[in-house]
Amino acid sequence: MANEDEKKLLFRMQHIIPRGLSSPTISNNPNTNISSSSSPEEIEIQMTWGKVAAKVWGPANGRPVIAIHGWLDNSGTFDTLIPLLPKDLRIVAVDIPGHGLSDHFPPDIAYNYIDTLVAVERLMKRFQWQKVSFLVHSLGGATAMLYAGVFPEKVEKVVCLDIIRATPTIPATVDVRLRKTIGKLLKYEDAIISGPEQPISYESAVERWVSGTFGSLDDKACRILCKRGLKKFEDGYVFSRDRRILAAPLAFIPKEDQVILARKVTADVLIIKFSEGPYYEPAENYREHVEALRTQSKCVRYVEMEGKHHTHLTHPELVAPIINEFLNFQSSV
């Protein structure tokens with residue numbers, strides 16, 4: 001046990017507290033909010049099945065960045081953070097399919113991580129980008145980490161917030177998981193066929209959303225997400241997300257496969273893990289993945305800091321200094 005504790009301590013010294021990376025402090029500056037930056041441009045990107053909505057920040061000739069939000073959220077999750085980042089970035093913050101203002105997948109087409117890889121490739125072609133960086137949170141981080149392993153030559157930097165990779169498939173319970181997912185999918189399909197959701201008041205929607213995150217979102221942050229996450233009707237509001245995404249995705253992503261892909265990543269990687277955010281795997285699995293990323297990447301930073309799952313939205317002033325130092329860092333060739 002002592003030997004294992006020593007390994008954990010060594011890991012923290014080597015990776016969680018990297019040299020030259022100062023600890024963030026809470027800023028009381030009233031100007032560190034979204035109103036201090038110009039408004040983003042709203043765009044729609046046509047896909048084969050429908051449209052993807054996105055918000056574009058920064059100059060047209062800026063460094064390309066794709067920002068991808070987490071499960072059940074939308075691109076508004078970056079609204080308070082992006083204004084605090086370097087001004088030379090061209091950030092395309094997307095609503096992934098079934099979320100925010102993006103179209104839902106057609107009936108009988110399920111959601112999974114592989115679809116998002118294809119969507120990223122379409123974005124790359126749409127903007128004629130040869131290389132891109134990622135700013136990603138939660139589920140978005142799973143997509144970015146997979147993409148960086150499949151297309152390493154196309155990725156410069158990856159900033160992962162509160163996740164390290166896609167939750168691996170567990171062989172011992174895969175049958176139970178798939179059984180539950182299929183049951184949930186059919187239940188939500190039946191509900192969609194039977195009719196639209198019953199509208200509720202705006203305040204009820206906010207309360208339901210905040211409680212669903214177990215306090216990770218506060219009221220103010222939730223109202224930012226509601227701008228794209230709610231649809232208004234005469235008698236109230238309904239959530240804009242596809243109800244089918246409430247079921248876990250039908251995807252097989254074993255840990256071993258993700259470790260192999262991590263060894264192929266050449267991009268600089270920053271992973272910021274919030275202490276009160278969800279841990280989808282044991283700590284030793286995180287350490288294994290970080291070590292795999294170091295195979296070819298010249299800069300891999302794993303930073304633990306206090307906060308909940310949406311700290312980047314509720315307290316962006318804590319996260320921005322770490323991200324800015326990383327984005328401006330040039331790894332040696």
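Me: Which residues of helix H6 are buried?
Reply: Happy to go through them. In this predicted model, helix H6 covers residues 219-229. Taking buried as under 20% relative accessible area, the buried residues of H6 are Ala-221, Cys-222, Ile-224, Leu-225, Cys-226, Arg-228 and Gly-229.

Me: And what do the buried residues of H6 pack against?
Reply: Both strands and helices take part here. The strands are S1, S2 (51-57), S7 (230-233) and S8 (236-239). The helices are H5 (202-212) and H9 (311-314).

Me: At the start of H6, which backbone nitrogen does a side-chain oxygen of Asp-218 reach?
Reply: Good spot to look at. The oxygen of the Asp-218 side chain comes to within 3.3 Å of its partner. That partner is the backbone nitrogen of Lys-220.

Me: Turning to the sheet, which are the edge strands?
Reply: Eight strands make up an open, mixed sheet, ordered S1-S2-S4-S3-S5-S6-S9-S10. An edge strand here pairs on one side only. That description fits strand S1 (41-46) and strand S10 (300-305).

Me: In what sense do S5 and S6 pair, and over how many bridges?
Reply: Strand S5 spans residues 132-137 and strand S6 spans residues 155-161. One bridge joins His-137 to Leu-161 in S6. The pairing is in the parallel sense, over five bridges.

Me: What angle does the direction of helix H10 make with that of S9?
Reply: Helix H10 (residues 316-328) packs on the sheet, where it touches S3, S4 (89-94), S5, S6, S9 and S10. Its direction and that of S9 make an angle of about 170 degrees.

Notes. Residues are numbered from 1 along each chain as its sequence is written. This is a predicted model: local features need pLDDT of at least 70, side-chain atom pairs count only at pLDDT 80 or more; totals for chains, interfaces and linings use all residues. Side-chain values use heavy atoms; hydrogens and water are left out. Two strands pair if DSSP finds at least two bridges between them. Helices (H or I, at least four residues) and strands (E, at least two) are DSSP runs, numbered from the N terminus. Contact means heavy atoms within 4.5 Å. Axes are lines fitted to C-alpha atoms, for helices over the stretch in contact, and angles run from 0 to 180 degrees between N-to-C directions. Buried means under 20% relative accessible area, exposed over 50%, partly exposed in between (1.4 Å probe, protein chains only). A polar contact is a pair of N or O atoms within 3.5 Å; within protein, one must be able to donate a hydrogen and the other to accept it, and residues adjacent in sequence count only if both atoms are side-chain atoms.
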